[in-house]
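Please open the structure in a viewer and keep the selection tool at hand. The tour below proceeds from one selection to the next.

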Amino acid sequence: MKAERTVDISAPPERVYEVVMDPQRLDDWVTIHDHLEDSPPGRLEKGSKLTQCLKLAGRRFKVRWTVVENDPCERVVWEGKGPVASHARVIYEFEPKGESTRFSYTNEYELPGGPLGRIAGRSVSRLTKKALDGSLQRLKSLIE
């Protein structure tokens with residue numbers, strides 16, 4: 001499954017990067033963020049790990065994230081392991097647009113359960129896209 005969204009933010013890429021790479025700011029903009037189980041202090045870098053508790057459709061679940069690629073203010077890639085052998089990959093991309101930034105967010109994930117997981121995935125995909133839209137609007141409002 002894949003969810004992709006883009007938002008234009010009236011701020012330079014450095015400011016957007018600063019916010020999205022600070023794990024203590026997740027609660028400020030990620031709509032499905034419940035809490036952090038653990039994270040390193042300060043800004044995340046390549047190799048940083050954190051455990052995030054998320055809440056989607058009334059269910060809480062944990063994802064253990066690792067930053068696997070970090071090209072500051074250009075591209076960041078996270079890989080996550082969730083419950084029942086589920087996997088996720090999140091990509092942040094920052095594109096300067098004059099005094100603004102086009103921030104692109106891609107979430108690719110695999111649900112467990114084979115064919116049943118794929119059927120459930122349609123509902124999860126709709127919820128994920130709605131949550132992502134809300135998160136990017138919160139991020140825009142927070143930074144601007």
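**The nonpolar core**

In this predicted model, begin by selecting Val20, Met21, Trp29, Trp78, Tyr92, Phe103 and Leu139, which touch the most other members of the largest nonpolar core. That core comprises 32 residues.

Remain with Leu139 and display its surroundings. With neighbours within four places in sequence left aside, Leu139 is in contact with Ile9, Val19, Val20, Trp29 and Phe103.

**The whole chain**

Now select the entire chain and colour it by secondary structure. Three helices and seven strands should appear. Followed from the N terminus, the elements are arranged in the order β-α-α-β-β-β-β-β-β-α.

With the surface switched on, the chain exposes about 7900 Å², of which carbon and sulfur atoms supply 48%. Of the 144 residues in the chain, 39% are buried. Contacts may be displayed as well: among those between residues at least 6 apart in sequence, 45% join residues at least 24 apart.

**Helix H1**

Select residues 13-20, which form helix H1. Which residues of this helix are buried? They are Pro13, Val16, Tyr17, Val19 and Val20. Turn the view to look down the axis of H1: the buried residues fall within an arc of 165°, and therefore line one face of the helix. Two of the residues just selected, Val19 and Val20, are also among the contacts of Leu139.

**Strands S1, S6 and S7**

Next, select strand S7, residues 100-110, together with strand S1, residues 2-9. The two strands run antiparallel and are joined by eight bridges. To inspect one of these pairings, pick Arg5, whose bridge partner in S7 is Tyr105.

Add strand S6, residues 87-97, to the selection. S6 and S7 also run antiparallel, with 11 bridges between them. Here, Val90 is found opposite Asn107 of S7.

Follow S6 to the turn of its hairpin with S7, where two residues lie between the strands. Select Gly98 in this hairpin; the residue takes a positive phi near 65°.

**The cysteines**

Finally, select Cys53 and Cys73. Are these residues buried or exposed? Cys53 is buried, at a relative accessible area of 5%, and Cys73 also counts as buried, at 17% relative accessibility. A disulfide is a covalent bond between the sulfur atoms of two cysteines. With a cut-off of 2.5 Å between cysteine sulfur atoms, the count of disulfides comes to zero.

Key
Residues are numbered from 1 along each chain as its sequence is written. This is a predicted model: local features need pLDDT of at least 70, side-chain atom pairs count only at pLDDT 80 or more; totals for chains, interfaces and linings use all residues. Side-chain values use heavy atoms; hydrogens and water are left out. Helices (H or I, at least four residues) and strands (E, at least two) are DSSP runs, numbered from the N terminus. Buried means under 20% relative accessible area, exposed over 50%, partly exposed in between (1.4 Å probe, protein chains only). Contact means heavy atoms within 4.5 Å. Accessible areas come from the Shrake-Rupley method with a 1.4 Å probe; for residues, only the protein chains shown count as cover. A nonpolar core is a set of buried Ala, Val, Leu, Ile, Met, Phe, Trp, Tyr and Cys residues joined through side-chain atoms within 4.5 Å. The arc is that of the directions from the helix axis to the C-beta atoms. Two strands pair if DSSP finds at least two bridges between them.
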